[in-house]
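Visitor: I should like to learn how to read the interior of a protein model. Where should one begin?

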Amino acid sequence: MQSCSMTTKEKVAALADQHGIERSRDESAFLAKAFSRISGIEGDETLELIADLLKARVISTDEATAMVLSHVRESGKMSA
């Protein structure tokens, strides 16, 4: 059996597609992005999709946390 080595970004996109989840563009998404920038964290589409999956109760808080950490590590947004 061949192992599937998808990145977190690919896994999140596939999960969102499977459940018909699209990235939020409402006021709460705008505010979340603004607070992230103020905190020194620049989000991206994957992080927004993780939040949307959590909001839609497709994933748990623990799953969302694990996905965020994995994505940040993979994308080099976190120093060692």
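**The core and the helix beside it**

Guide: This is a predicted model. Its largest nonpolar core has 11 residues: Val12, Leu15, Ala16, Ile21, Leu47, Leu49, Ile50, Leu53, Ile59, Ala64 and Met67. Two or more residues of this core are given by each of helix H1 (8-18), helix H3 (45-55) and helix H4 (61-75). H3 provides the largest share, 4 residues.

Visitor: Which residues does methionine 67 touch, not counting residues up to four places away in sequence?

Guide: Methionine 67 touches Thr8, Val12, Leu15, Ile50 and Ile59.

Visitor: How should one read the buried side of a helix?

Guide: An α-helix has 3.6 residues a turn, so residues three or four places apart point the same way. In H1, the buried residues are Thr8, Val12, Leu15 and Ala16. These residues lie on the same side of H1 because they cover an arc of only 100 degrees around the axis. They pack against H3 and H4.

Visitor: Which exposed residues does the face of H1 turned away from its buried side carry?

Guide: That face carries Asp17 and Gln18, which are exposed. Just after H1, glycine 20 has a positive phi of about 70 degrees.

Visitor: Is histidine 71 buried or exposed?

Guide: The cut-off for buried is under 20% relative accessible area. Histidine 71 has a relative accessible area of 5%, and is therefore buried. This residue lies in helix H4. Leaving aside neighbours within four places in sequence, histidine 71 is in contact with Thr8, Lys9, Asp44, Thr46 and Leu47.

Conventions: Residues are numbered from 1 along each chain as its sequence is written. This is a predicted model: local features need pLDDT of at least 70, side-chain atom pairs count only at pLDDT 80 or more; totals for chains, interfaces and linings use all residues. Side-chain values use heavy atoms; hydrogens and water are left out. A nonpolar core is a set of buried Ala, Val, Leu, Ile, Met, Phe, Trp, Tyr and Cys residues joined through side-chain atoms within 4.5 Å. Buried means under 20% relative accessible area, exposed over 50%, partly exposed in between (1.4 Å probe, protein chains only). Contact means heavy atoms within 4.5 Å. The arc is that of the directions from the helix axis to the C-beta atoms.
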